[in-house]
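Reader: I am new to this structure and would like to be guided through it. Could we take it one topic at a time?

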Amino acid sequence: MTNTTIDRDCIAAVEKIIRPHIRRTPVIEVEGGDFGLGRGDISLKLELLQHGGSFKARGAFANLLTREIPKAGVVAASGGNHGVAVAFVAMKLGVPAKIFVPSVASREKTDRIRECGAELVIAGDRYADALAASEEGVAQSGAMVVHAYDQVETLLGQGTVGLELEEQAGELDTLLVGVGGGGLIGGVAAWYGGRIKIVGVEPEAAPTLANALRAGRPVDSEAGGIAADSLAPKRVGELMFPMAQKYVERVVLVTDEAIQEAQVELWKTLRLATEPGGAAAFAALLSRRYEPAGGERVGVLVCGGNTAAVDFTRPGHA
């Protein structure tokens, strides 16, 4: 792919390419009252049911299906989910893959990477460490980089979540999106192009986009908290930032405790087993960091489910 534009037309073109390979994940309508949030429906887009357990498979397929892959294969740095996605897609397409992850990556994610046959390298404590190590690996091998968020193809792939959601849920007023490096919110914001309100949600311990918007440019931020393996890069991507400035109405911050409560409530009420990063957007509603106006139609991206929070090895005690 030589085009560097990230817009509705390009997202729609990429969607046609990856459609045979990805799942059309469901949208379910839930009553806010089921969670003590008052009246009104909430549309939940269940990307945790995507291949590899997160939306990341979309960007991975977009990269591997539209770029020329060298014999050395592909390399990716990841907090976990992107690595799972690239490993899965590489396995499906018969491409060698080497995945670099930090020590905070969960065992569930590292196990899935290995199960897909990719070579796994643990490098450093945070995503930025794994990224630096992967860059050294690319220099030595000549493999193709599949960036987790700061790559045109990645953003276009993630933007297909917005295309699909609009077809399924119709006219939303607001969409809540968890933010890590910004590939998902950047792609989705590009798809909607200001036609609905996009609200980013970040952990208080990793306010990456909030700090960037305040500074007027991507800046280094702290990268901790319960969702450190998915929502805590050192800084947001350069490619997504102009879209965030133009189309993201605001960013709200949620506590680790609120994220955990959202995980519990999504399991208790809907039997959705979400990882912390996957539940962050819903946590903004549950903790009332974002309060919809009366009659406001709200969508929430439930974007990841790579967790061992539910233990099926203990029948009756999970």
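Reader: In what order do the 4 strands of the open sheet stand, and is the pairing parallel or antiparallel?

Author: The order is E5-E4-E3-E6, and the pairing is parallel. This is a predicted model, in which local features need pLDDT of at least 70 and side-chain atom pairs count only at pLDDT 80 or more, while totals for chains, interfaces and linings use all residues. Residues are numbered from 1 along each chain as its sequence is written, and side-chain values use heavy atoms, with hydrogens and water left out. Strands (E, at least two residues) and helices (H or I, at least four) are DSSP runs, numbered from the N terminus. Two strands pair if DSSP finds at least two bridges between them.

Reader: Which strands stand at the edges of that sheet?

Author: E5 and strand E6 (144-145) do. Each has a single partner strand, so one side of each is left without a neighbour in the sheet.

Reader: What holds strands together in general?

Author: Strands of a sheet pair through backbone hydrogen bonds, either parallel or antiparallel.

Reader: Let us look at E4. How many of its residues are buried?

Author: Strand E4 covers residues 97-101, and 4 of its 5 residues are buried. Buried means under 20% relative accessible area, exposed means over 50%, and partly exposed lies in between (1.4 Å probe, protein chains only).

Reader: And which strands does E4 pair with?

Author: Strand E3 (residues 74-77) pairs with E4 in the parallel sense over 4 bridges, and Ala 76 has Ile 99 of E4 as its bridge partner. Strand E5 (residues 119-122) also pairs with E4 in the parallel sense, over 4 bridges. There, Phe 100 has Val 121 of E5 as its bridge partner.

Reader: Which helices take part in β-α-β units with E4?

Author: Helix H3 (residues 81-93) joins E3 and E4 in a right-handed unit. H4 does so with E4 and E5, again in a right-handed unit. A crossover is right-handed if, with the strands pointing away from the viewer, the path from the first strand over the helix to the second runs clockwise. H4 lies across E4 and E5, running at about 150 degrees to E5. Such angles run from 0 to 180 degrees between N-to-C directions, with axes being lines fitted to C-alpha atoms, for helices over the stretch in contact.

Reader: Staying with H4, which salt bridge does Arg 107 form?

Author: Arg 107 forms a salt bridge with Asp 111, their closest N and O atoms being 3.4 Å apart. A salt bridge is a side-chain nitrogen of Lys or Arg within 4 Å of a carboxyl oxygen of Asp or Glu. Both residues lie in H4 (residues 107-115), 4 residues apart, about one turn of the helix. Arg 107 is exposed at 63% relative accessible area, whereas Asp 111 is partly exposed at 27%.

Reader: What does Lys 109 meet in a salt bridge?

Author: Its partner is Glu 275, at 2.5 Å from N to O. The pair links distant parts of the chain, 166 residues apart: Lys 109 is in H4, and Glu 275 is in the loop between helix H10 (256-270) and helix H11 (276-286). Are these two buried or exposed? Both Glu 275 and Lys 109 are buried.

Reader: How many salt bridges are there by this rule?

Author: The count is 17. Glu 15, Arg 19, Lys 45, Glu 47, Arg 58 and Glu 164 are linked in a network of them. Within it, the side chains of Glu 15 and Arg 19 meet at 2.8 Å, N to O.

Reader: New topic: what is the strand order in the open sheet of 6 strands?

Author: The order is E1-E2-E10-E7-E8-E9, and the pairing is mixed. Its edge strands are E1 (27-31) and E9 (248-254), each of which pairs on one side only. E9 runs parallel to strand E8 (residues 197-203), to which 6 bridges join it, and Val 201 stands opposite Val 252 in E9. H6 packs on this sheet, touching E1, strand E2 (41-46), E7 and strand E10 (298-302).

Reader: Finally, how many residues has the largest nonpolar core?

Author: It has 64 residues, and those with the most contacts inside it are Val 74, Ile 99, Leu 175, Ile 198 and Met 240. A nonpolar core is a set of buried Ala, Val, Leu, Ile, Met, Phe, Trp, Tyr and Cys residues joined through side-chain atoms within 4.5 Å. Another core, of 30 residues, lies apart from it and includes Val 30, Phe 35, Ala 258 and Leu 266.

Key:
Contact means heavy atoms within 4.5 Å.
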